[in-house]
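Okay, thanks for making time, everyone. I'd like to walk you through one structure today, so have a look at the screen and then we'll go through it piece by piece.

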Amino acid sequence: MYRAKDAGRNRYCFFTQTMNDELRRHQLIISELRLSLAHQEFSLYYQPLLDSQSGSIKYCEALIRWFPGSGELMSPAEFIPIAEKSELISKIGEWVINEACRQRAEWKNKGLLDFRIDINLSGKQFIHNDIFSILKRALAKHHLAPSEIGIELTENVLIHAGENNLLNLRKLHEAGMQISIDDFGTGYSSLSYLRHFPVHNLKIDREFISGSSHNETDRSIMEAIVVIGHRLGLKVIAEGIETEEQHRLAQRIGCDLEQGFFFHKPMEADKLYTILTGM
């Protein structure tokens, strides 16, 4: 029934053994996630974002990694969607917020002042107004200004956000917190909604980046996003840069920032600190 509803409602779906196996695996992962939350088996890795022209690191994005006691490292692309179907995504998200703030405060105490850590908020996290209280408490606990932590949301999350959520988001925006639209270009009514969103940055979806070397349509979409973003006073970020060709294209069309394996893979906090300080 739920598979049919997920496929768009008003349809039917036949049961298969594969569904049963998938459900059992999901239940196992949810059980392991609960244990891992209790045993602190998560870690944050950090991937830098660089100025497209100078190549200097401007800030970084925090990315969760799970090292379960079973020893089987699991990709966030697999466990995050499963966590979103339960209450665990809120608990995991709160842990990410507090850990990112703790790490930012640690770097600040070491003298790394002009820097920012961005965190991703899922749709399920965002629709609960408590997320704004969690953010404020974490900033206050670690004596951070709103400008020292940024948040990333997909455009589909923003499109379906209620007015109260957008109002709280505007307050964060006005307080100096940087807000980015992640995976831009894959949602619906992106252009008409842009003027309603209190955002600073657009991150071009990596699908356009990966297709840009051989697909003129993808290149044209990237160019259009850059023009529109700049006209609206936003910075445009090319994420998923993996080749010299993609880097040169991002430079040529005017992307402000770049992120991807071509420059740096996500890394542990100590390694990034060493790179930032040249130690």
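Let me start with one residue, Asp183. Its relative accessible area is 25%, so Asp183 is partly exposed. You'll find Asp183 in strand S5, and its phi is near 55°, a positive value in a residue other than glycine. Why point that out? Because most residues other than glycine have a negative phi. And please keep in mind that we're looking at a predicted model here.

There's another one like that, Gln40. Phi of Gln40 is also positive, near 55°, and again this is not a glycine. Gln40 sits in the loop between helix H2 (17-39) and S1. Is Gln40 buried or exposed? With a relative accessible area of 54%, Gln40 counts as exposed.

Now, the inside. The largest nonpolar core has 75 residues, and the ones that touch the most other members are Trp107 and Ile151. Helix H4, residues 88-109, gives the largest share of this core, with 10 residues. For background, nonpolar side chains in soluble globular proteins tend to be buried together.

Let's zoom in on Ile151. Setting aside neighbours within four places in sequence, the contacts of Ile151 include Asp118, Ile119 and Leu121, then Leu135, and further along Leu169, Leu172 and Met177. Gln178, Ile179 and Ser180 are also among the contacts of Ile151.

Ile119 just came up, so let's go there. Ile119 is in strand S3, residues 117-120, and it's buried, at 0% relative accessible area. Beyond its neighbours within four places in sequence, Ile119 is in contact with residues including Ala62, Val96, Ile97, Ala100 and Leu135. Ile149, Gly150, Ile151 and Glu152 are among its contacts too. Take Ala100: Ile119 and Ala100 are 19 residues apart in sequence, but their C-alphas are 7.5 Å apart in space.

Next, the pocket. How much space lies in the largest pocket? About 920 Å³. The lining has 36 residues, and Glu61, Leu63, Pro76, Ile80 and Asn120 lie nearest the centre. Several elements give two or more residues to that lining, among them strand S1 (42-51), strand S2 (57-66), helix H3 (76-84) and H4. Helix H5 (123-127), strand S4 (149-154) and strand S5 (179-184) are also on that list. If you sort the lining by class, you get 16 nonpolar, 11 polar and nine charged residues.

Since someone always asks about cysteines: how many disulfides does the structure hold? Zero. Why is Cys60 not bonded? Because its sulfur is 12 Å from the closest cysteine sulfur, in Cys101, which is too far for a bond. Cys255 has its closest cysteine sulfur in Cys60, 20 Å away, so that's too far for a bond as well. Both of these are buried, with Cys60 at 0% relative accessibility and Cys255 at 3%.

Last stop, helix H12, residues 244-253. Buried in H12 are Gln246, His247, Leu249, Ala250, Gln251 and Ile253. What do the buried residues of H12 pack against? They pack against helix H10 (206-211), helix H11 (216-231), strand S7 (235-239) and strand S8 (257-259). Right after H12 comes Gly254, and its phi is positive, near 100°.

That's my tour, happy to take questions.

Note on methods: Residues numbered from 1 in each chain as written. Predicted model: local features only at pLDDT ≥ 70, side-chain atom pairs only at ≥ 80, totals over all residues. Heavy atoms only, no water. Core = buried A, V, L, I, M, F, W, Y, C linked by side-chain atoms within 4.5 Å. Buried < 20%, exposed > 50% of the residue type's maximum accessible area, 1.4 Å probe, protein only. Helix = DSSP H or I, 4+ residues; strand = E, 2+ residues; numbered from the N terminus. Contact = heavy atoms within 4.5 Å. 1 Å grid on protein atoms, 1.4 Å probe; cavity = no way out; pocket = protein on both sides within 12 Å on 5 of 7 lines; lining within 4 Å. Points joined across faces, edges and corners; volume = space filled by probe spheres on them. Nonpolar A, V, L, I, M, F, W, Y, C, P; charged D, E, K, R; others polar. Disulfide = S-S within 2.5 Å.
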